[in-house]
Amino acid sequence: MKIPSNPIRKSINNPRKVLSWIKNNVILPAYTASYLYFRQINQTIHSKYVSAGDLDVMNEKWDILIILDACRYDYFNEINSVDGSLSKRNSPGSMSKEYIDQSFCGRELHDTVYVTANPFVSKIPEGTFYDIISHAGDFWENDIDTVPPERMIQATRTALDKYPNKRIISHFMQPHHPFLSDFGRKMNSNLHWQGSQFFPINCTSDDIRRAYRENIEYVLNKMESITEYTDRETVITSDHGELMGERLFPIPIKGWEHPKSLYVEELIEVPWLRIPGESRKIVSESPRDDQEVDTDTLHQRLADLGYR
């Protein structure tokens, strides 16, 4: 008997396509919706009853502060080969916006220049820093959906030369996703984005951990281009950590990436690597009036990173 040419016949002829359609259009949306509901309960409980860290980077001693985005203390401790004295600190936020709000906003930091690849720079009020040099727009590379560390090295060295009497903060985007190693780039396409975080599909937790570790190795291998360029006292730290399948609480769903208001050790514990050096005379001055932050472009960059 000839089967009619209709969706039923197509499903019989291509059962794998049908199963794939069911997975992507029924199972995955139902799973992510329920997951995000339980995650929101955890976030509400943490925001009311769990405290974030007390690190105040602006009250610490340093001339140059290098922020590696989403770098966990435990992974940094295992991988790092940059000479210095390493300790553990507790971040005031579990995502960049929380960290920026708690560390910078509402303050007059007129002795400091903020060089950044992080699009959340758009949330910093005008006049906070002496100067803001945002490269989330002009140094963004569309083929990898981020600013590579090589471009931030260049921008940081330029700022060090231009502002010898200012503290310099250099905020890199790595090891934050997207993953940049050959293996990691293959993993990027296996991530489903929903609720400002990713869910791994067609890959394992071990795959994500490997890609993340390789991102840390990638950016740390570039650090000597700064530490050997200057003799100033330098600290390498992070704004927050990263979840890679660890169970959350009180509802024990697996955690991924770094949602706001989840104050678990994987997200709060960050490295604090102090590299001894000279402390320059730092001068506070009225902020430059030619600071430009392209808000529209930065909003698009946040969307590119999954913050929709």
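## Nonpolar cores

In this predicted model, the largest nonpolar core has 52 residues, and the members that touch the most others in it are I66, L68, F172, I208, M223 and I236. Helix 7, which covers residues 205-220, gives this core its largest share, six residues.

M223 shows what such contacts look like for one residue. Leaving aside residues up to four places away in sequence, M223 touches I66, L68, V82, I153, F172 and I236. Apart from the largest core there is a second, separate one of 22 residues, and L65, Y99, Y114 and I124 are among them.

## Helices, strands and contacts

Ten helices and eleven strands make up the list of such elements in the chain. How far apart in sequence are the residues that contacts join? Among contacts between residues at least 6 apart, 78% join residues at least 24 apart.

## Burial and surface

The chain has 308 residues, and 51% of these count as buried. The area that the chain exposes is about 14,600 Å². Carbon and sulfur atoms supply 47% of that area.

## Cysteines

How many disulfides does the structure hold? The number is zero. Are C71 and C203 buried or exposed? C71 has a relative accessible area of 0%, so C71 is buried. C203 has a relative accessibility of 14%, and because buried means under 20%, C203 counts as buried too.

Note on methods:
Residues are numbered from 1 along each chain as its sequence is written. This is a predicted model: local features need pLDDT of at least 70, side-chain atom pairs count only at pLDDT 80 or more; totals for chains, interfaces and linings use all residues. Side-chain values use heavy atoms; hydrogens and water are left out. A disulfide is a pair of cysteine sulfur atoms within 2.5 Å. Buried means under 20% relative accessible area, exposed over 50%, partly exposed in between (1.4 Å probe, protein chains only). Helices (H or I, at least four residues) and strands (E, at least two) are DSSP runs, numbered from the N terminus. Contact means heavy atoms within 4.5 Å. Accessible areas come from the Shrake-Rupley method with a 1.4 Å probe; for residues, only the protein chains shown count as cover. A nonpolar core is a set of buried Ala, Val, Leu, Ile, Met, Phe, Trp, Tyr and Cys residues joined through side-chain atoms within 4.5 Å.
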